[in-house]
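Student: I have a structure open and need to make sense of it. Can we go through the parts one by one?

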Amino acid sequence: MASKKVYIARSGFYAFIDRAHSKHEQAVAYFRYFAETNYFLYTDSTTLIDVYNQIYKDISPSLAKDFLRIIFIGNINIIYPEESDIKAGLKTLVNYQSTDLTFGQALRAVLANRKGVSQVFTFDYLHPLFGQSVFYLPI
């Protein structure tokens, strides 16, 4: 049986919030599926900061504030990196062969791995770290 844990990346949140986003309807379907099937959702504080800043800049400051308000009263598990997580993220970044991996992506992979989350909800490219894979809706 597959794990019922999913890590939500920046692109998943942003596509859900921005109604003009080309993937908005897909993001709505994902979140509906997560709610109906009782998935445990995870994200990290740096992802939330990135999404907040993007909403603030591209859409509106008040919607960005509402996004954070909903996140903190909702049931998404927020992972806060510790010093060892940051060091592991840096080590992952330095040792990765490709130059297109960012520190944020490496840190997200480390945090997800440490919580036993192997599936990531994202619309962006997912680097193959720690055996993680993109979450797809079942057909």
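**The sheet and what surrounds it**

Tutor: Strand S2 is largely enclosed by the rest of the structure, because 4 of its 5 residues are buried. Buried means under 20% relative accessible area, exposed means over 50%, and partly exposed is in between (1.4 Å probe, protein chains only). Strands (E, at least two residues) and helices (H or I, at least four) are DSSP runs, numbered from the N terminus.

Student: What kind of model is this, and how are residues numbered?

Tutor: This is a predicted model, in which local features need pLDDT of at least 70 and side-chain atom pairs count only at pLDDT 80 or more, while totals for chains, interfaces and linings use all residues. Residues are numbered from 1 along each chain as its sequence is written, and side-chain values use heavy atoms, with hydrogens and water left out.

Student: OK, back to the strands. In what order do the 5 strands of the sheet come?

Tutor: The order is S3-S2-S1-S4-S5, in an open sheet with parallel pairing. Two strands pair if DSSP finds at least two bridges between them. At the edges are S3 (77-79) and S5 (133-134), each of which pairs on one side only.

Student: How many bridges join S1 to S2?

Tutor: There are 3 bridges between S1 and S2. Another 3 bridges join S2 to S3, and 2 bridges join S1 to S4, residues 119-121.

Student: Which residue in S2 is the bridge partner of Tyr 7?

Tutor: That partner is Tyr 42. Tyr 42 also stands opposite Asn 77 in S3. Tyr 7 stands opposite Val 120 in S4, and Ile 8 stands opposite Phe 121 in S4.

Student: Which strands does H2 touch?

Tutor: H2 packs on the sheet and touches S1, S2 (40-44) and S4. The direction of H2 makes about 135° with that of S4. Such angles run from 0 to 180 degrees between N-to-C directions, and axes are lines fitted to C-alpha atoms, for helices over the stretch in contact.

Student: New topic: the core. Which residues touch the most other members of the largest nonpolar core?

Tutor: Phe 13, Phe 34 and Phe 121 do, in a core of 21 residues. A nonpolar core is a set of buried Ala, Val, Leu, Ile, Met, Phe, Trp, Tyr and Cys residues joined through side-chain atoms within 4.5 Å. Two or more residues each come from S1 (5-8), H1 (10-17), H2 (24-36), H3 (45-58) and H4 (61-73). H2 gives the most, with 4 residues.

Student: What is Phe 34 in contact with?

Tutor: Leaving aside neighbours within four places in sequence, Phe 34 is in contact with Val 6, Tyr 39, Leu 41, Phe 121 and Phe 135. Contact means heavy atoms within 4.5 Å. Apart from the largest core lies another one, of 10 residues, including Tyr 7 and Val 120.

Student: How do the axes of H1 and H3 cross?

Tutor: They come within 9 Å and cross at roughly 35°. The crossing is right-handed: the near helix is turned clockwise from the far one by less than a right angle, and anticlockwise would be left-handed. Arg 10, Phe 13, Tyr 14 and Ile 17 are the H1 residues that meet H3, where the residues met include Leu 48, Val 51 and Ile 55.

Student: Now charges. How many salt bridges does the structure hold?

Tutor: It holds 5 salt bridges, each a side-chain nitrogen of Lys or Arg within 4 Å of a carboxyl oxygen of Asp or Glu. One of them joins Asp 124 to Arg 10, with the closest N and O atoms 3.0 Å apart. Asp 124 is in the loop between S4 and S5 and Arg 10 in H1, 114 residues apart, so the pair links distant parts of the chain.

Student: Are those two buried, partly exposed or exposed? What about Lys 87?

Tutor: Asp 124 is partly exposed at 38% relative accessible area, and Arg 10 is partly exposed at 30%. Lys 87 is exposed at 52%. The side chain of Lys 87 meets that of Glu 83 in a salt bridge, 3.3 Å from N to O. Both lie in H5 (residues 83-95), 4 residues apart, about one turn of the helix.
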